[in-house]
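Hi,

Here's the structure I said I'd pass on. Have a look first, and then my notes are underneath.

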2 protein chains.
Amino acid sequence: MAYQDAITALADPTRRVIIDRLRAGPLPVGAIADGMGVSRPAVSQHLKVLSDAGLLSVTPTGNRRVYAISPDGVDELRRYLDTLWDDALAAFARAAEEKAKGNST
Amino acid sequence: MAYQDAITALADPTRRVIIDRLRAGPLPVGAIADGMGVSRPAVSQHLKVLSDAGLLSVTPTGNRRVYAISPDGVDELRRYLDTLWDDALAAFARAAEEKAKGNST
DNA sequence: ACGAATCGTAAGCGACGACTTACGGTAAGT
DNA sequence: ACTTACCGTAAGTCGTCGCTTACGATTCGT
């Protein structure tokens with residue numbers, strides 16, 4: 001649910017492939033698993049992890065379950081990195097300034 | 001080096017703690033490891049992973065090695081998430097429009 | 001020059017996670 | 001009603017990763 005789970009979910013290469021396949025639009029499980037190196041149950045497990053992390057949304061339609069990328073989950077992770085980037089830049093500038101001020105003594 | 005390594009590096013909770021400690025500014029290994037739940041060698045190993053991922057920079061000064069967050073590495077990961085977010089939004093809008101257009105037939 | 005401090009690396013161990021096969025459950029087709 | 005298709009879950013195996021202890025290398029202090 002939090003950004004930690006999103007990072008953990010995206011850490012796995014197979015799950016990143018799944019995300020890439022969903023970039024163009026929503027897909028059912030079979031279509032996602034088709035042509036991928038792993039079995040369909042494995043894909044199902046990955047989809048569960050991604051869903052629990054808030055990165056995917058599910059829409060059961062008749063026989064199949066259609067998965068889609070959830071912009072909210074991605075945005076949450078995006079905001080975390082934004083604050084990290086801000087802090088990193090600020091610390092970087094501060095360190096540079098400190099060095100320029102002459103920290104010799 | 002690539003954004004994949006950055007994600008993998010940030011997936012570990014201990015490494016995220018290290019990153020948080022470096023948000024305020026650069027620190028030597030001892031200061032980072034101090035008060036953390038794990039041993040100093042463990043921290044060293046994590047620092048290596050983070051450095052290899054391009055998230056940290058090292059500056060050996062005399063006796064110690066000072067680590068700092070590298071804005072470039074964070075930015076690389078940030079860009080990846082930005083494109084993912086754009087695609088997710090576009091796919092989301094397209095799916096909504098398709099549903100509004102009446103996909104009955 | 002000698003002792004202390006700071007840090008990286010090697011080896012070994014335990015735990016978590018990704019994958020497979022097997023199974024059950026629900027919806028669509030005839 | 002029966003068969004087929006689609007999908008999630010359970011159990012088990014195997015590799016990988018994070019941690020610890022032990023050690024070696026480099027630098028500072030006196």
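Below is what I found, starting with the sheet in chain B and then going over to the DNA.

Bear in mind that this is a predicted model. In chain B, three strands make an open, antiparallel sheet in the order 1-3-2. Strand 1 (27-28) and strand 2 (56-61) of chain B sit at the edges with a single partner strand each, so one side of each has no neighbour in the sheet. Strand 1 of chain B runs antiparallel to strand 3 (residues 64-69) of chain B, and two bridges join them. If you want a spot to zoom in on, B:Pro28 has B:Val66 in strand 3 of chain B as its bridge partner.

Now the DNA. Around strand D there are 21 residues, and those that come nearest are A:Pro28, A:Gly30, A:Arg64, B:Ser39 and B:Gly62. Helix 3 (29-33), helix 4 (40-52) and strand 3 (64-69) of chain A each give two or more residues to that surface, as does helix 4 (40-52) of chain B. Helix 4 of chain A gives the most, with five residues. By class, the surface near DNA strand D has seven nonpolar, 10 polar and four charged residues.

DNA strand C also has 21 residues around it, and here A:Ser39, A:Gly62, B:Pro28, B:Gly30 and B:Arg64 come nearest. Two or more residues each come from helix 4 of chain A and from helix 3 (29-33), helix 4 and strand 3 of chain B. Helix 4 of chain B has the largest share of the surface near DNA strand C, at five residues. That surface divides into seven nonpolar, 10 polar and four charged residues.

Cheers

Terms used: Residues are numbered from 1 along each chain as its sequence is written. Chains are lettered from A and ligands numbered from 1 in the order in which they are written. This is a predicted model: local features need pLDDT of at least 70, side-chain atom pairs count only at pLDDT 80 or more; totals for chains, interfaces and linings use all residues. Two strands pair if DSSP finds at least two bridges between them. Helices (H or I, at least four residues) and strands (E, at least two) are DSSP runs, numbered from the N terminus. A residue is near a molecule or strand if its C-beta atom, placed from the backbone, lies within 6 Å of it. Ala, Val, Leu, Ile, Met, Phe, Trp, Tyr, Cys and Pro count as nonpolar, Asp, Glu, Lys and Arg as charged, and the others, Gly among them, as polar.
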